[in-house]
Amino acid sequence: MVSLVNERYMSFQPPTGSRDLLPLEVIQKTWIRERLQGAFHRWGYQRVVTPTLERLDTLVAGGRVRPERVVQIQDRDGIYGLRPDVTASIARVAASRWGQVPHPQRLYYVANVFRPHPQRGHCQESFQVGVELLGAGGLLADAEILRLLQDGLTAIHLPPWRVVLGEAGLTRLWIQGFPPVWQTLVTQALIHLDRVALGQLPSPWREQALAWLDLRGEPAQVFQRLGTWELTPQQWQRVNHLKSLVELLPAGFPLVVDVSLLQPWDYYTGIVLQVAVTQGHTVQLVGQGGRYDDLVGAYHPQGKTVPGIGFSLNLETLHQQLLPLGVLPQRPARPDWVVIPRGETAYRAALDHAQSLRHQYPDQRVELALTPPQEPPSQGLVWVDASGALIAPA
């Protein structure tokens, strides 16, 4: 009997990887979201909404996203998926509206995303806030995204953070210099910072790969160390782009250059970034992004494309970082007015008076006391009798 009760209880719990958000947490995350949106608006970005459910072909982006990273749903019409991020969906929108909108397009989103747990396999839901700048390539667009990111993180008072900046195109070109049999291993090892895997390479590939993995740190030092490498003109062009981008950032911008940085999403073609927060001995990633100049072409019938760049911030991890600092609202908002009917005959008069207050004070909260409050507020308390007359509290 007990097991049946427990089984019934568990059947009404949210699925593993999802959870309910109660009012105070919603208020706190709304506080974060509204401040980020304020920064996005100041830079001219407008909100876009895409479906939670997409065709699997959309979400894998022409092979740039592995299908196993998508939570899949079999339908009688085909295989669909819950979006693991929003960038692919926005690229699809850009391709489907080709020629109908001017560029650049400055877009932002607030959306839930779903990914399989890497070890346990169950679906994990999280919420993202992010931006996409479509139809703009080059140095200035890259700098806009980084400085917009700084504005957003400043607006929410995020504790000391830093951007880890890499160049996916440079690293992928460098990996092409390895024998084909080793290229996948090197790519996955760099994504997962796996020194053990790189140690399996034969010499001299092993030493080169481990040295590339260590090309991270203060920008000037990294660029100085890169100067000793024998790179192709195409690779040097990307290094110089990275150096020029760093020069466009304001003094004090918290930046680490990590040449080996690669993201698990294969659609990044230029700069890639991660946003990290350090508290004590703990480092937590709160965001990521980068440039994807051929992703829109994956959805266009003739392969036409426009450059794109963006970033996403994880609302859950931002909330975890900000909660101990006391900057978030600590309790649900209290009503400015509480209207209390004096008996059942005063119900109509109380409803009317509460509505009148809402019209009179549109920015204030007016609640109707469904039962007499045990601890009435110290102000804003209004008793109403059957005639509609206001009665002073006893």
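**Exercise 1. Determine which strands helix H12 lies across, and at what angle the helix runs to E11.**

Solution. The coordinates belong to a predicted model. Step one is to locate the helix: H12 comprises residues 315–322. Step two is to list the strands beneath the helix, namely E6, E10, E11 and E12. Step three is the direction: H12 runs at about 145° to E11. Helix H5 (residues 139–155) may be treated in the same manner; this helix lies across E5, E6, E7, E10, E11 and E12, and runs at about 20° to E12.

**Exercise 2. Establish the strand order of the open sheet of nine strands, and state which strands stand at its edges.**

Solution. Reading across the sheet, the order is E1-E5-E6-E12-E11-E10-E7-E9-E8, and the pairing is mixed. The edge positions are held by E1 (46–47) and E8 (216–217); each has a single partner strand, so one side of each lacks a neighbour in the sheet.

**Exercise 3. Describe how strand E7 is paired with E10 and with E9, and decide whether E7 is mostly covered or uncovered.**

Solution. Begin with the general principle: strands of a sheet pair through backbone hydrogen bonds, in either a parallel or an antiparallel sense.

- Toward E10, strand E7 (161–167) pairs in the antiparallel sense over seven bridges. Within this pairing, Leu165 is opposite Leu273 in E10.
- Toward E9 (residues 255–258), E7 pairs in the parallel sense over three bridges. Here Val163 is opposite Leu255 in E9.
- As to burial, six of the seven residues of E7 are buried, and the strand is thus mostly covered.

E10 can then be followed to E11. Strand E10 (residues 271–279) runs antiparallel to E11 (residues 282–291), and eight bridges join the two. Thr278 is positioned opposite Val283 in E11.

**Exercise 4. Characterise the packing of helices H6 and H7 by geometry and by the residues that meet.**

Solution. Two packed helices are described by the angle between their axes and the distance between the axes. For H6 (residues 168–175) and H7 (residues 180–191), the axes come within 10 Å and cross at roughly 145°. The crossing is right-handed. Next, identify the contact: H6 contributes Thr171, Arg172, Trp174 and Ile175, which meet Gln183, Val186, Thr187 and Leu190 of H7. Classified by character, the residues of this contact are four nonpolar, three polar and one charged.

**Exercise 5. Examine the salt bridges of Glu316, Glu68 and Arg206, and classify the partners as buried, partly exposed or exposed.**

Solution. The structure contains 16 salt bridges; three are taken in turn.

1. Glu316 bridges to Lys29, with the closest N and O atoms 3.1 Å apart. The pair links distant parts of the chain, since Glu316 lies in H12 and Lys29 in H2 (residues 23–42), 287 residues apart. Both residues are buried. The two also belong to a network of salt bridges that links Arg19, Glu25, Lys29 and Glu316.
2. Glu68 bridges to Arg66, and the closest N and O atoms are 3.0 Å apart. Exposed means over 50% relative accessible area; Glu68, at 53%, therefore counts as exposed. Arg66 has a relative accessible area of 31% and is partly exposed.
3. Arg206 bridges to Glu207, the closest N and O atoms being 3.2 Å apart. Arg206 has 26% relative accessibility and so counts as partly exposed. Glu207, with a relative accessible area of 39%, is partly exposed.

Conventions. Residues numbered from 1 in each chain as written. Predicted model: local features only at pLDDT ≥ 70, side-chain atom pairs only at ≥ 80, totals over all residues. Heavy atoms only, no water. Pairing = 2+ DSSP bridges. Helix = DSSP H or I, 4+ residues; strand = E, 2+ residues; numbered from the N terminus. Contact = heavy atoms within 4.5 Å. Axes fitted to C-alpha atoms, helices over the stretch in contact; angles between N-to-C directions. Left-handed = near helix turned anticlockwise from the far one by under 90°. Nonpolar A, V, L, I, M, F, W, Y, C, P; charged D, E, K, R; others polar. Buried < 20%, exposed > 50% of the residue type's maximum accessible area, 1.4 Å probe, protein only. Salt bridge = Lys/Arg side-chain N within 4 Å of Asp/Glu carboxyl O.
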